[in-house]
Amino acid sequence: IIPISLSYDRLIEKDNHVSELTGATRKTEQLLAFLTSLTRLLTATATNQLCFGRDDVGIADPISVSRFLRTHLQPSPSSCSNDTSQDSNGGIQPLLTTSGTKSLGDVTKLLGLTTLAACNQVSKVLPTALVGTILLTQYDRGLEEEELVKRVNWLRMR
């Protein structure tokens with residue numbers, strides 16, 4: 001698995017996003033539909049038919065699924081506590097089953113969380129996301145430019 005982070009200014013799923021914010025249920029992702037959409041987006045972008053504004057692509061180190069499964073499906077004496085701990089890939093290790101081994105479901109979930117953590121480590125926060133965060137958490141309707149800059153700088157330091 002190669003964790004890849006794509007960050008861009010334009011919200012391409014804005015209609016779905018608005019629906020979800022108003023209480024609609026999120027549509028289940030389908031791999032074939034995702035790959036088809038991704039192909040269309042890349043083609044449109046390559047031919048300058050779409051503009052996503054500023055963008056960034058981050059690529060993390062690959063994760064070997066076979067090595068990950070071998071490592072996490074075998075019980076280890078050090079992982080028999082009831083606490084969660086961070087593994088070498090930066091993910092949270094799931095609790096062990098009563099038999100002292102991790103279930104395949106737990107390991108699969110851990111692999112997903114590890115992949116997401118790797119994506120987050122290489123992703124960039126773009127300026128529009130900072131401004132959007134400030135505006136969406138603003139109680140009042142108006143905001144002076146000086147105050148916006150002050151709050152964005154505060155947020156950048158966190």
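**Strand 1 and two helix pairs**

Hello everyone, let me start with one residue: S5 is buried, with a relative accessible area of 7%. Buried here means under 20% relative accessible area, against over 50% for exposed and partly exposed in between, using a 1.4 Å probe and protein chains only. Before going on, please note that this is a predicted model, where local features need pLDDT of at least 70 and side-chain atom pairs count only at pLDDT 80 or more, while totals for chains, interfaces and linings use all residues. Residues are numbered from 1 along each chain as its sequence is written, and side-chain values use heavy atoms, with hydrogens and water left out.

Back to S5, then. S5 sits in strand 1, residues 4-8; helices (H or I, at least four residues) and strands (E, at least two) are DSSP runs, numbered from the N terminus. What does S5 touch, not counting residues up to four places away in sequence? The list is D56, V57, G58, C119, V122 and S123, where contact means heavy atoms within 4.5 Å. S5 and A118 lie 113 residues apart in sequence, yet their C-alpha atoms are 8.8 Å apart in space.

S7 is also in strand 1, and S7 counts as buried, at 11% relative accessibility. Leaving aside neighbours within four places in sequence, S7 is in contact with R54, D55, D56, S123, K124 and L126. One of these partners, L126, is 119 residues from S7 along the sequence, with 7.3 Å between the two C-alpha atoms.

Let me step back to the whole chain. The protein has 6 helices and 2 strands, and their order along the sequence is β-α-α-β-α-α-α-α. Buried residues make up 20% of the 158 residues. How many of the contacts between residues at least 6 apart in sequence join residues at least 24 apart? The share is 63%.

Now for the helix pairs. Helix 3 (residues 65-73) and helix 4 (residues 104-122) have axes that come within 10 Å and cross at roughly 130°. Those axes are lines fitted to C-alpha atoms, for helices over the stretch in contact, and angles run from 0 to 180 degrees between N-to-C directions. Helix 3 and helix 4 are therefore oblique to each other; angles under 35 degrees count as roughly parallel, over 145 as roughly antiparallel, 65 to 115 as roughly perpendicular and the rest as oblique. The crossing of helix 3 and helix 4 is right-handed, meaning that the near helix is turned clockwise from the far one by less than a right angle, with anticlockwise giving left-handed.

Which residues of helix 3 and helix 4 meet? From helix 3 we have V65, F68, L69, H72 and L73, and from helix 4 L104, V107, L110, L111 and T114. By class, this contact of helix 3 with helix 4 has 8 nonpolar, 2 polar and no charged residues. For the classes, Ala, Val, Leu, Ile, Met, Phe, Trp, Tyr, Cys and Pro count as nonpolar, Asp, Glu, Lys and Arg as charged, and the others, Gly among them, as polar.

That takes us to the core. I63, F68, V107, L110 and L111 form the largest nonpolar core, which has 5 residues. Helix 4 gives the most to this core, with 3 residues. Such a core is a set of buried Ala, Val, Leu, Ile, Met, Phe, Trp, Tyr and Cys residues joined through side-chain atoms within 4.5 Å. In soluble globular proteins, nonpolar side chains tend to be buried together.

Have a look at the loop between helix 3 and helix 4 too, where K102 is found. Is K102 buried or exposed? K102 counts as buried, at 9% relative accessibility. Its C-alpha atom is 5.8 Å from that of L73, which is 29 residues away along the chain.

Finally, helix 5 (residues 127-136) and helix 6 (residues 145-156) pack at an angle of about 110°, with their axes 10 Å apart. Helix 5 and helix 6 are therefore roughly perpendicular to each other, and their crossing is right-handed. L130, V131, T133 and I134 of helix 5 make the contact with L148, R151, V152, L155 and R156 of helix 6. By class, the contact of helix 5 with helix 6 has 6 nonpolar, 1 polar and 2 charged residues.

One residue of helix 5 to finish on is L130, which counts as buried at 13% relative accessibility. Not counting residues up to four places away in sequence, L130 touches V125, V152, L155 and R156. The C-alpha atoms of L130 and V152 are separated by 6.1 Å, with their positions 22 residues apart along the chain. Thanks for listening!
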